[in-house]
Amino acid sequence: MQNKGLIRVFAIIFGLVCLYTLSYSYFTNKTEAEAKAYAISKAGEDSDLRDVVERAYIDSIGNTPIFAGITYNDAKEKELKKGLDLKGGINVILQVSIRDILGGLSNESNDPAFIAALNATDELQKNSQNTYFEDFVTSFEAQGGDARLASPDIFSNVILADKVDSSMSNDEVSSVLEKEIKETIISAFETLRNRIDKFGTTQPNIQSLGDNGRILIELPGAKDMERVVSLVSKKAQLEFYETHYAGDAFNYLGLANQTLKSLEVEDEKEETTEVKDSTLDDTVTDLLKDADEEVEEEEQDFGPIFNIFQPNQRVAQFPQEPTVGYASIADTAKINEYLRNPAVVRLRPANLRYAKFAWGVPQAEGSEVVPLYALESNRSGAPAMDGDVVNDSRQQFTQTQQPSVGLDFEGQGVGQWAKLTRTVAQKGNAIAIALDNTVYSAATARAEIKGGSTEISGNFTVAEAQDLATVLKAGKLPASAEVIEAEEIGATLGQEAINSGILSFLIALALVLIWMVFYYGRAGVYADIALVVNILFIFGVLAGLGAVLTLPGVAGIVLTIGMAVDANVLIFERIREEIRKGKAQKDAIKDGFNNALSSILDANITTFLTALILFLFGTGPVKGFAVTLMVGIATSLFCAIFITRLFIDGYGKNGKSLAFSTGMTKNLFTDTKIDFLGKRKIAYAISGVLVAIGIFSLVSGGLDAGVDFVGGRSYTVRFDQPMNAQEVGDKLTTTFGSAIVKTYGADNQLKITTKHRIQETGVEVDTQVEKQLFDALAEYLPAGITFDQFSKSFEGKEVGKMSYNKVGPTIADDIKRGALLAVVGSLIVVFLYILLRFRRWQFSLGAVAAVFHDVAIVLGIFALTKNLMPFDMEVDQNFIAAILTVIGYSLNDTVVVFDRIREYIKEHGSTRGFSKLINQALNSTLSRTLNTSVTTLIVLLAIFFLGADSIRGLMFALIVGVLVGTYSSLFIATPVMFDTVQKKALKEEKKEEEEEA
């Protein structure tokens, strides 16, 4: 092997980089463990206080260097993130205000009948099962008289000018409004999706809960509830304001500061003695005083505002400046509180009477300081221009090549923008562009701008500018989104399940390592080292990319471990063949690596192409699976081809003999003569029966579709005692057939989701299902509680059903379509690649037939045994990952066999019977086929038996897929190819190749 030194240096450097990226996870986990231990030592059994102390401890040391200048906040940002199914996170349910949407569509009409109908609808909704719009139509028609939705005072206005005219009936207008409402909810949904992507979670769970504007959001690993609520509840409203002169605003702040300073005199008297029932903040402060080693120096008192607010120094020279001053992000809430103080509001001069104070964005990357602006407004708080007139937004670059967001106006917006820029040019102030009351840019205009376009130029990265452009494009009709439920949720698996999963994976890995040594001796040790290095590389790259590790990602890693072992097995088997031919060890090793390279590349390239297509077209778990798989393929190739070779060459360079087997395995599978093709008709019959039974089961009984696909009912139930989610889940599974139970916030609160009778509608069905839930949970509830007490909502309720929602499908039709296109597209690409490499469509047909066969049998078994297995057989998003894994494994296995057949055709195509040649190729790869299957099954079986119950269905699908994939590569893919190929054509191709050579 050439350039060994360079490869060795690269491997060492790459390994160190991976260790460095993973060190962030180590520092994060270490600090969080210390915080947890500290909180327990100080707060004892008080879980509420313990959580607060833990968060406060982390906040207090967040910017303190842990190692080599790395702080906890730095490490947390760069750690390998775990998804909601592994770690937990934040769950919120938003109610998009249909009333606000209707108000916006009516151009904020004050028509008495319209307002009365809205108020009546609000009352109806408290006990109604209808959508808000359905009740609104009923309420409006109940107003009687000549109440018409097409009235010029209501919906026959400039906003709906092209869609509603005054001659339309109420039914016709209702149809238009219903469509507009749905489009606005979709727009709000997309806005939230983009915000969540920007928040840092790559695999959020976003669900539409029915048709009433409710949206469920789960954020993996998120813990800051306040930040999440702020992020998802903003309106995404774009506005354009004139700015007040900073000089005028600064003078007002000076008066406000003096007033607040005088008001503080009274407060300074009260620093009371310790009392046991003091506030929680005081308790936390006392508990943390040991941890605070830094003593703050006394600073000069400039007054409440100016102690935490830095005035803009340019204001003295340029009073027309738009920026009033600067403050730390952490202090903005306090300054806002000061500015809302009634005593301060009364100080406002006439020109600032209706001014709105708004903060901007940091002016430099990593900065925690933001500017303050004073925006011109009126009594109703209206801007100079509203964002509804924006027709398009896009990411672009400024003249200095800084990322920005370009905006184009439409309709009246073009004239409004020209007028606004003309006014600002005359006054010398600026135009502030604000999104959700945050100013992104404030620029002056030297003259009137008539082009109908502008740009937002802040301190953006390209990605941030793209996100902002997408959010603006998605939010044309702003509607408020109220958080009607916001809870922290535990991981589906729970900490115990996570620990068991890690343990099972480690045991599985240990068994694989032992198997390789048992089968290949010292060479197996070198393969084991390469495998461990490969795992390090995989996790290191994922951490470096900022990827989120989820259950589908784990499935991808399982597949790549199998593929990594497979590559070493291919190499070792070829070396053993060369040694049996009588070659010297050095030559056998060289030829073994060279001859195995083609099979390794073909197998991995086909799987990589599958993953690439899935990444391009897939979403959510499909994309997460694809990223992990692509990373694993790249690292596996490097480790198998180079790392293993370094060790083998290093050991044998002084003439040392290296056996690629042990005494027990030396002659294993070396002289097999199984007539695979002779048994193909039997195999066809067996497979035909299995596929037929599977398809019949799918058609007649179907799959046990999960809530992700068919929806379900979701309950939040609070108890008066800590609950075991797994125990309750088992009980409810008996009652409903399937149920998912998660710890939801505190350990005495559970989120229960079931799809039981979800296809049925009506109040009676909902009540019956809820009664079943109550009966099943009765033994865990306080004695004497009635169904009404459990079910009804009332103030001060502490036990019972705290919330209820019907859950709509997580994957919208377009996402389902994208996933389907991804799978079909990957098969087409693989078909074409195999056709290109093997030059016969029959090879491609055999591979695709094997994949179809494997997937059909896995689906059929799930359909057939869904009510028989003692574990969850639900088909959900994780099951999609399992099917994709089966496809990848099946292709990998088949291509290796095909590669050997191609090699034999080139060597013996014209001198040996075609069927005999194929049988010999299958027998020669049998050791590799079985070895790869055994090592992969060891991993899967260990996780299946020792891992958490929640992933047993996923592991079962993979186990079936590996078994069926191994079988199909021998008895389906190759026989299909054999039965469709023309021997004469292959011989002619062989002759042509020889002539060309």
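1. In this predicted model, glycine 406 has glutamate 455 of β17 as its bridge partner. Elsewhere along β17, isoleucine 456 stands opposite valine 405. Strand β14, residues 403-409, pairs with β17 in the antiparallel sense, and 4 bridges join the two strands.

2. The pairing of β14 with β13 is likewise described as antiparallel, over 7 bridges. Within that pairing, proline 403 of β14 stands opposite phenylalanine 397. The hairpin formed by β13 and β14 has 5 residues between its strands, and glutamine 401 in this hairpin takes a positive phi near 65°.

3. Taken together, 3 strands form an open, antiparallel sheet whose order is β13-β14-β17. The edge positions are held by β13 (390-397) and β17 (453-456); each has a single partner strand, so one side of each lacks a neighbour in the sheet. On average, and with direction ignored, neighbouring strands of this sheet are turned by 25° against each other.

4. The burial of β14 deserves a separate remark: 7 of its 7 residues are buried. Both faces of the strand are covered, with Pro403, Val405, Leu407 and Phe409 buried on one side. The buried residues on the other side are Ser404, Gly406 and Asp408.

5. A nonpolar surface patch of about 640 Å² merits inspection; Leu503, Ile507, Leu511, Ile514, Leu941, Phe945 and Leu946 make up this patch. Two helices, α16 (494-520) and α30 (926-946), each supply at least two of the patch residues. The largest share, 4 residues, comes from α16.

6. Leucine 946, one of the patch residues, lies in helix α30. Its relative accessible area is 41%, so leucine 946 is classed as partly exposed, the class between under 20% for buried and over 50% for exposed.

7. Is asparagine 923, a residue of helix α29 (914-924), buried or exposed? Asparagine 923 has a relative accessible area of 6% and is therefore buried, the cut-off being under 20%. The side chain of asparagine 923 makes a polar contact, at 3.0 Å, with the side chain of threonine 672.

8. In helix α5 (residues 98-105), the buried residues are Ile98, Ile101, Leu102, Gly103 and Leu105. Asparagine 107, just after α5, takes a positive phi of about 60°.

Definitions and conventions:
Residues numbered from 1 in each chain as written. Predicted model: local features only at pLDDT ≥ 70, side-chain atom pairs only at ≥ 80, totals over all residues. Heavy atoms only, no water. Patch = residues over 30% accessible without salt bridge, like charges linked within 9 Å, V, L, I, M, F, W, Y side chains within 5 Å. Areas by Shrake-Rupley, 256 points an atom, 1.4 Å probe, with all protein chains shown as cover. Salt bridge = Lys/Arg side-chain N within 4 Å of Asp/Glu carboxyl O. Buried < 20%, exposed > 50% of the residue type's maximum accessible area, 1.4 Å probe, protein only. Pairing = 2+ DSSP bridges. Axes fitted to C-alpha atoms, helices over the stretch in contact; angles between N-to-C directions. Polar contact = N/O pair within 3.5 Å; in protein donor to acceptor, adjacent residues only side chain to side chain.
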